[in-house]
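Please examine the chain shown below. The paragraphs that follow lead through its contacts, its helices and its charged pairs in turn.

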Amino acid sequence: MSTQVAESSVRTSIVVDAPIERAFSVFTDDIGSWWPPDHHILQGQLAEMVFEPRVGGHVYDRGTDGSECRWARVLAYEPPNRVVFSWDINLQWQIETDPGRTSEIEVRFVAEAPERTRVELEHRHLERHGDGWENMSRAVGSEGGWGRGLRALAARLRG
């Protein structure tokens with residue numbers, strides 16, 4: 001696994017033991033099975049995470065009380081090779097309603113063998129978050145950020 005922070009993008013990748021179709025499906029359709037449960041901004045207790053599998057769909061958290069927190073918009077959906085979604089979270093870790101002040105995440109899935117897939121993630125345009133964007137870059141680029149998420153994805157695919 002490697003993580004690189006450059007300018008206003010964070011890049012990380014990992015090789016997982018799963019066919020490309022399964023890696024893509026678990027990343028998107030089963031996002032709640034690997035996403036760190038303490039990494040959400042929902043006010044209540046998290047019941048599930050939903051990834052709507054289409055351009056124009058959303059990624060959102062649903063609370064046990066039925067509340068929802070839509071924190072991403074699906075910008076590209078190309079199974080099993082690529083997905084792009086927005087990061088509609090501001091520097092205070094709250095929902096950002098201005099799309100011009102959001103960053104985006106592109107995830108590419110590259111088959112290395114029938115049962116091995118390289119997952120390449122780029123979180124880009126972090127400068128759109130405005131003054132202090134470097135703090136967001138450090139957070140998502142840290143071991144507890146996207147690196148933790150991709151390691152959890154790999155563990156989920158092994159299990």
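Contact here means heavy atoms within 4.5 Å. The model under discussion is a predicted one.

By that criterion, Glu52 offers a useful starting point. This residue is found in the loop between strand 3 and strand 4. Leaving aside neighbours within four places in sequence, Glu52 is in contact with Gly57, His58, Tyr60, Arg70 and Val74. With one of these partners the approach is specified at the atomic level: the side chain of Glu52 reaches the backbone nitrogen of His58 at 2.7 Å. Glu52 counts as buried because its relative accessibility is 13%, and buried means under 20%.

Side chains of opposite charge can pair when their charged atoms come close. Glu52 takes part in two such pairs. In the salt bridge between Arg54 and Glu52, the closest N and O atoms are 3.7 Å apart. The side chain of Glu52 also meets that of Arg70 in a salt bridge, at 4.0 Å from N to O. This second pair links distant parts of the chain, with Glu52 in the loop between strand 3 and strand 4 (58-63) and Arg70 in strand 5 (residues 68-78), 18 residues apart. Both arginines count as partly exposed: Arg54 has 45% relative accessibility, and Arg70 has 36%.

A search of the whole structure finds 20 salt bridges. Another of them joins the side chains of Asp38 and Arg148, at 3.1 Å from N to O. Asp38 lies in the loop between helix 1 and strand 3 (46-51), whereas Arg148 belongs to helix 3, so the pair ties together parts that are 110 residues apart in sequence. Arg148 is partly exposed, with a relative accessible area of 30%. Elsewhere, a network of salt bridges links Arg11, Glu78, Arg82, Glu104, Glu106, Arg108, Glu122 and Arg124.

Arg148 leads to the helix that contains it. Helix 3 (residues 146-158) has 13 residues, which at 1.5 Å a residue should span 18 Å; the end C-alpha atoms are 18 Å apart, in agreement with that expectation. Which residues of helix 3 are buried? They are Trp146, Gly147, Gly149, Leu150, Leu153, Ala154 and Leu157. Viewed down the axis of helix 3, these buried residues fall within an arc of 165°, so they line one face of the helix. Their packing partners are strand 2 (9-16), helix 1, strand 6, strand 7, strand 8 (116-124) and helix 2 (133-141).

Helix 2, one of those partners, can be read in the same manner. Its buried residues are Trp133, Met136, Ser137, Val140 and Gly141. Down the axis of helix 2 they fall within an arc of 120°, so they too line one face of their helix.

Met136 leads in turn to Asn90. Apart from neighbours within four places in sequence, Asn90 is in contact with Ile95, Glu96, His129 and Met136. Asn90 is placed in the loop between strand 6 (82-87) and strand 7 (103-113). A polar atom of the Asn90 side chain lies 2.8 Å from the backbone nitrogen of Gln92. Is this loop residue buried or exposed? Asn90 is buried, with a relative accessible area of 12%.

The nonpolar interior comes next. The largest nonpolar core has 36 residues, and those with the most contacts inside it are Phe27, Trp71, Phe85, Trp87, Val107 and Phe109. One of these, Trp71, touches Trp35, Met49, Val59, Tyr60, Asp61, Phe85, Ser86, Trp87, Asp88, Ile89 and Ile95, not counting residues up to four places away in sequence. Two of those partners connect with residues already met: Tyr60 is also in contact with Glu52, and Ile95 is also in contact with Asn90.

Phe109, another of the core residues named above, leads finally to Ile20. Ile20 lies in helix 1 (residues 20-28). From C-alpha to C-alpha, Ile20 and Phe109 are 6.4 Å apart in space, although 89 residues separate them in sequence. Beyond residues up to four places away in sequence, Ile20 touches Pro80, Asn81, Phe109, Val110, Ala111 and Thr117. Ile20 is buried, with a relative accessible area of 12%.

Key: Residues are numbered from 1 along each chain as its sequence is written. This is a predicted model: local features need pLDDT of at least 70, side-chain atom pairs count only at pLDDT 80 or more; totals for chains, interfaces and linings use all residues. Side-chain values use heavy atoms; hydrogens and water are left out. Helices (H or I, at least four residues) and strands (E, at least two) are DSSP runs, numbered from the N terminus. Buried means under 20% relative accessible area, exposed over 50%, partly exposed in between (1.4 Å probe, protein chains only). A nonpolar core is a set of buried Ala, Val, Leu, Ile, Met, Phe, Trp, Tyr and Cys residues joined through side-chain atoms within 4.5 Å. A polar contact is a pair of N or O atoms within 3.5 Å; within protein, one must be able to donate a hydrogen and the other to accept it, and residues adjacent in sequence count only if both atoms are side-chain atoms. The expected span of a helix is 1.5 Å times one less than its number of residues. The arc is that of the directions from the helix axis to the C-beta atoms.
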